Structure formats: structure tokens, C-alpha cells
Amino acid sequence: MTDYPDVNLYINGTWRAAEGEKSIPVANPATSLEIGRVSQASNGDLDEALAAAAEGFKVWSRTSPLDRAKLMRRAADFLRNDVEEICRWMTLEQGKPLAQSRLETLAGADIIDWFAGETQRTYGQVIPARNSDVLQLTMKVPVGPVAAFTPWNFPINQIVRKLSAALAAGCSIIIKAPVETPASPAGLVRAFDKAGLPAGVINLVNGRSTDISRYLIPSPIIRKISFTGSTPVGKELAALAGLHMKRATMELGGHAPVIVTKSADFGAAVSSMVPFKFRNAGQVCVAPTRFLVDHDLANAFVERFGAAARMIKVGNGLDPSSEMGPLINEKRVGAIDELVTDAVREGGRLVVGGRRIGNQGCFYEPTVLADVPISARIMNEEPFGPVAIINRFTDVDQAIAEANRLPFGLASYAYTRDTAEATRISNEVEAGMTSINHLGLALPEVPFGGIKDSGYGTEGGSEAIEAYLETRFITRKG
Ligand code: NAD
């Protein structure tokens, strides 16, 4: 017994099996054993979800912002009340330690609350007219039904940012949840159901990602898409959205540089970056990946970082002493192993780790590589796993050039006590988000998004709701 539920589709306010009772197994990455099943939507099910989203949009877009905000806050409270059940599901399906699952669920409630506030701030403008008998104004109106596609690394967080912004704006939404981690998203949607959200405003489906995105994006009912995942898939979906003139938000991959200059508070850099690197087994789009450390500090940095990485306790996320859980599946274990092997073959130095752990579950050692040449695959592809690469630089120009070498531009980090260096890094590192001397990303009230191949649009801060609104202009005489 695992207390893990089978997960149904949620369409038009009803939880139900897929057409033909089709379903897909869900495995616990800590044991590789099947723990439940998730319903696999057919095109007929998706048609019902589309029809429900169209009707839900009519109701929700006419619901007053004040009432939308009240309902969202009620949902946030239900999510908080259900946190213990939901975080256990999350750990069983995703593998992360229970404390991280709990934090993610509670942070989800805070995100809903924050966007509930934004509901009442979607202001238009009055534009001074050229004639005194003309009134010119703009209104912000919801764009329409949304299709959202989200990955397994943060099963609640990836959905709740899209869902909350969409609902705050007055949109309905069809969420395609990750097939690997379906239960905690269902717990999130259940909170809105308990809060009394009208039928059709949220619809939750699951199944084969490619089939569902290819079916939903071209539908004339869908007016906006939002995707979080890898850059290649994002480019494919953005192209499809473009073909059908759909607005899109793309949160894609990264390969975050961390510049540690000679003037840095060295201890702070190591003690904050080690747990941050290995959080969620490194399966985080903003995870620090390329450490660029001043030549004079590099040997000591590698030694301290490696020693701290070696101390991380890896184990089943249900065990309260575990600090790092498994990777999501066998495919990811193979991918990480190949990247590490390739880095060593290319001349990189394996400082710590570099092997899978045991033969049950998808565990991999926290791994540190040093002095890896840029010819290695891992210096060019997003690692998305528990691997830190520590390379050295001789001046800040060289570090900034390396930071900007890749087409990614999501997160970047720096440690320096020199304000001129901090200013240069802020101005010159090409990233959607830069955090200097502390970890300050991903709060509901601050922007969250990338540039270059890491995508476009932001999923946090006051701009996030704009992606779900369109501007209408009215001019009136008399
Ligand atoms: P993947 O590219 O196959 O899938 C990533 C996510 O996108 C999954 O949730 C998947 O269901 C979804 N997806 C894939 N094809 C899709 C399609 N055609 N339409 C809609 N959704 C689709 O990779 P994976 O093996 O699951 O994960 C590994 C890679 O994915 C990583 O290397 C990383 O770059 C990326 N990833 C990024 C994030 C992120 O937060 N940006 C999260 C998870 C995975």
C-alpha cells in the first residue's frame, strides 16, 4: 500500500475515467515500482475539455474580479489544508524529499494568493483625446481559453503559475499535466473544485504529450498556450502556435553560470550554492550548472564544494533524513551518466560522484566535475541532473564571455564584493534573471522567465498577468 491514488481526468467539473478506460502506469522513481495509473485522454475527451473550456470562459470572464479573487483565496486555503496528503503524493511520484514537496505545495498557495490580488489590478487607460467631445480608453480583457503544458520537476509549481495568472485574468484553462507526476496536480485542481470554481473553468487532462499538444494548439477554441519544458520541444510548440496565430509563453531550458570572483564571500558562495545545486536532484531549470571561479580561488572552491557534495544524504524522499531523492526515471539516469562519461573522456576531472547508486530506483550520486573543456557535451547541453561543473577564469571578461557563450539565457548567479564587477555582471550577462550574493529568484512577486533560447514571457511579478490579457481600444464621441 502506498496511499497513492489513481488519477482521473477533470472535465467540466467532473472527475472521470478516459474514454475506453485507457490509462498509463505511474512509477515511484525511488523504487521503480508502479504505484498507480493516470487516465489517458482520447481526442473525444479533449473535445469535451475544449467545449467545457469555451463554456467555462463565458462564465468566468463575466465573474467580477472581486469574486474571482475571493474564490482563488478560498482555493489557496484548501490547498494549505490538504498539504500533508498532497506532498506525500508528490514525493511518491516525483521522488523529492517530503520537506521540499511540502514547501512547493505551500508556495503554490502563496502564488494563488498573490495572483488573486492581481485580479483587481488589470487596469486600462484613459488616453487624452484631440477633441474635447471624444473619449479614448483601453480595456484589458482576458485572452480566452488557455492550454498549458507542464513538466514533472515541480508538479505543482509549474502548473500553479500558469493557472493562477490565467484565472486572475478571467481565462479558462486546459492543463495537460505531466504523465510522470499526475496526482499532486490533481490535488491542486481539487482545491479549486472544493472552493466552488464553476464547471469548465479548469480542465485537467493527461496522456501522450505530443498527441495532446498537436490536438489542442490548433483548436480555434484555444487562444493562448503556455509551455514549460525543454528548448527543442518549446521551439516545436512555439512554431505550431505561430502557425495558428496563438499567443505563447515559453519557459524553456537553461545552463546557469555562477561567476565567483576573487572578491567574493567564498564561504557564502559554497554554503548557499551546494544545497541549491542538488535541490530536486538538480532537475531545475534555474539550477546553477557552470561554476566559473576565479583562478586564485578555484582549487579551494573545488575542494570545499566537493566535500560538501559528498556529505549530501541521498535516499527515498519519504525518509526524513534524505536530502536528495532519485532522478525522475531511468532515461534521465542514462542521460546524466552519458554526460559525465563524455566530460571525463574529453579531459574533465571527476571530483566526486559520477555513478548511479544501487540497482533499485533512479538514484545518482551528487557529482562534481572540474576543469571541463568546452568541447564536452555537458558544457553545451542542459545537464538537468545532480552535476556541478567547476571551471576557472582569469578575469571577469573571460567569465562573462563564457556565461554568454551558450544560446540559453534563463538564470545566472554571481558572488562578488566589488560593486563595479556586480554592475558589469548585471549589465552584461545575458539572462532573464540574475541573482548576486544571495538566492532571490522565483518569488511570486518578481519576474520569472528567460531570454534567447530559454524562451519568452514571464511567469511572475506584475507582468505575468499581461500574457493572459489583451488590450482593446475604445474611442467614443458624445
Ligand atoms: P522532454 O523534452 O521529453 O519533456 C519535457 C517536458 O515536456 C515533459 O513534461 C513532457 O511531457 C513535455 N513534452 C514533451 N514533448 C511535448 C510535446 N510535444 N507537447 C507538449 N509537451 C511535451 O524531456 P524529459 O526527458 O521529460 O526531460 C528532460 C529535459 O526536459 C531536460 O533536459 C530539460 O531540458 C527539460 N525539462 C525542463 C524543465 C523546465 O523546468 N524548464 C522541466 C522538465 C524538463
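**Exercise 1. Find the polar contacts of the ligand, then say how much of the ligand the protein buries.**

Start with tryptophan 152: an N or O atom in its side chain sits 2.9 Å from a ligand oxygen atom. A polar contact here is a pair of N or O atoms within 3.5 Å; within protein, one must be able to donate a hydrogen and the other to accept it, and residues adjacent in sequence count only if both atoms are side-chain atoms. Before going on, note that this is a predicted model, where local features need pLDDT of at least 70 and side-chain atom pairs pLDDT 80 or more, while totals for chains, interfaces and linings use all residues. Numbering runs from 1 along each chain as its sequence is written, and side-chain values use heavy atoms, with hydrogens and water left out.

Next, serine 209 puts a polar side-chain atom 2.8 Å from a ligand oxygen atom. For lysine 331, the distance from a polar side-chain atom to an oxygen atom of the ligand is 2.9 Å. Now the burial: the ligand alone exposes 780 Å², and the protein buries 88% of that (Shrake-Rupley, 1.4 Å probe).

**Exercise 2. Name the residues that come nearest to the ligand.**

Take the 21 residues around the ligand (a heavy atom within 4 Å). Ser209, Ser213, Ser230, Lys331 and Glu382 come nearest.

**Exercise 3. Describe the largest pocket: its volume, its lining and the domains involved.**

Step one is the volume, about 1,100 Å³. The search runs on a 1 Å grid over the protein atoms alone: a pocket is an open set of points with protein on both sides within 12 Å along at least five of seven lines, a cavity is a set where a 1.4 Å probe fits but cannot get out, and lining residues have an atom within 4 Å of a point. Volume means the space filled by probe spheres set on the points, which are joined across faces, edges and corners.

Step two is the lining: of its 44 residues, Trp152, Gly229, Ser230, Val233 and Lys331 are closest to the centre. α8 gives the most, six residues. (Helices are DSSP runs of H or I, at least four residues, numbered from the N terminus.) By class, there are 18 nonpolar, 14 polar and twelve charged residues, with Gly counted as polar.

Step three: domain 1 (9-252 + 456-477) and domain 2 (256-443) each supply at least three lining residues. The bounds come from an automatic or database domain assignment.

**Exercise 4. Work out where the second largest pocket lies relative to the two domains.**

This pocket has a volume of about 700 Å³. Of its 28 lining residues, Phe154, Asn157, Arg279, Leu441 and Ala442 are closest to the centre. The largest share, six residues, comes from α4. Both domain 1 and domain 2 give residues to the lining, so the second largest pocket lies between them.

Notes
Helix = DSSP H or I, 4+ residues; strand = E, 2+ residues; numbered from the N terminus.
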